[in-house]
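The following exercises concern one protein chain, shown below. Attempt each task before reading its solution.

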Amino acid sequence: MPKHTRSTLNPRSPLVLDTRELPRRPGALRTVKRVSPAPADLGGEMISVPEGADLDLDLKLESVSEGVFVSGTVTGPVRGECGRCLREIDDSLAVRVQELYAYEDSTTDLTTDEDEVGRMQGDLIDLEPVLRDAVVLALPTNPLCREDCPGLCPECGVHLDDLPADHSHEQIDPRWAGLSQLNRKEE
């Protein structure tokens with residue numbers, strides 16, 4: 001029987017669920033609604049959930065023959081910057097989580113690879129890895145402040161939507177600059 005070496009879970013951690021009150025018979029159900037602080041580094045480089053921000057957990061824990069099936073939604077704020085214009089993004093995110101956590105020494109625990117299914121430590125479930133996967137996959141890799149964001153002017157760096165429609169940076173080759181003065185003299 002494989003024994004998994006991992007750190008011991010803290011039952012007081014906000015993202016650790018205690019299933020002692022959930023009977024180990026298939027079909028038993030318990031709901032969990034709580035607010036939990038977001039862990040560090042929950043997201044990508046350009047957009048993420050701020051560390052310590054309130055995450056609303058609305059979960060259902062259901063006993064199945066192999067373990068506990070956790071499903072529900074997690075909502076919270078996201079902050080970052082637009083990938084086109086670098087303006088600040090302040091939004092919210094709701095993600096669905098669904099994960100089977102196998103009882104220790106259950107058939108599922110013995111017949112699956114360690115990363116295929118979640119593992120329980122006694123009566124405790126660590127929700128952080130599933131939450132992290134769901135949030136990171138739901139966040140855009142190139143976030144936008146709005147879908148039609150025009151970005152920045154590549155020449156002067158000013159937001160294109162703050163510039164007049166005829167804004168341009170005429171580039172004249174210095175070798176031909178003298179000829180451009182001929183047109184101005186005729187006008």
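**Exercise 1. Determine how many helices and strands the chain has, and in what order they run.**

Solution. The model is a predicted one. Begin with the count: the chain has 3 helices and 9 strands. Next, follow the elements from the N terminus; their order is β-β-β-β-β-β-β-α-β-β-α-α.

**Exercise 2. Identify strands that pair with S6, and state in which sense they run.**

Solution.
- Step 1. Strand S4 (residues 47–49) pairs with strand S6 (residues 67–81) in the antiparallel sense over 2 bridges. Within S4, Ile47 stands opposite Gly80 of S6.
- Step 2. Strand S5 (residues 54–63) is also antiparallel to S6, and 8 bridges join the two. Leu57 has Val74 in S6 as its bridge partner. The connection from S5 to S6 is a hairpin through 3 residues.
- Step 3. Strand S7 (residues 88–102) pairs with S6 over 15 bridges, again in the antiparallel sense. Here Pro77 stands opposite Ser92 in S7.
- Step 4. S6 and S7 likewise form a hairpin, with 6 residues between them. In this turn, Leu86 has a positive phi of about 70°.

**Exercise 3. Explain why the structure holds 0 disulfides, using Cys145 and Cys153 as examples.**

Solution.
- Step 1. Recall the cut-off: the two cysteine sulfur atoms of a disulfide lie within 2.5 Å.
- Step 2. For Cys145, the closest cysteine sulfur is that of Cys85, at 3.7 Å, which is too far for a bond.
- Step 3. For Cys153, the closest cysteine sulfur belongs to Cys156, at 3.6 Å, and this distance is also too far for a bond.
- Step 4. Accordingly, neither example forms a disulfide, and the total for the structure is 0.

**Exercise 4. Decide whether Cys145 and Cys153 are buried, partly exposed or exposed.**

Solution.
- Step 1. A residue counts as buried under 20% relative accessible area and as exposed over 50%, with partly exposed in between.
- Step 2. Cys145 has a relative accessible area of 31%, so Cys145 is partly exposed.
- Step 3. Cys153 has a relative accessibility of 6%, so Cys153 is buried.

**Exercise 5. State what share of the chain is buried, and describe its surface and contacts.**

Solution.
- Step 1. The chain has 187 residues, of which 33% count as buried.
- Step 2. Its accessible surface comes to about 11900 Å², and carbon and sulfur atoms account for 47% of that area.
- Step 3. Among contacts with a separation of 6 or more, 58% are between residues 24 or more positions apart.

Terms used
Residues are numbered from 1 along each chain as its sequence is written. This is a predicted model: local features need pLDDT of at least 70, side-chain atom pairs count only at pLDDT 80 or more; totals for chains, interfaces and linings use all residues. Side-chain values use heavy atoms; hydrogens and water are left out. Buried means under 20% relative accessible area, exposed over 50%, partly exposed in between (1.4 Å probe, protein chains only). Two strands pair if DSSP finds at least two bridges between them. Helices (H or I, at least four residues) and strands (E, at least two) are DSSP runs, numbered from the N terminus. Contact means heavy atoms within 4.5 Å. Accessible areas come from the Shrake-Rupley method with a 1.4 Å probe; for residues, only the protein chains shown count as cover.
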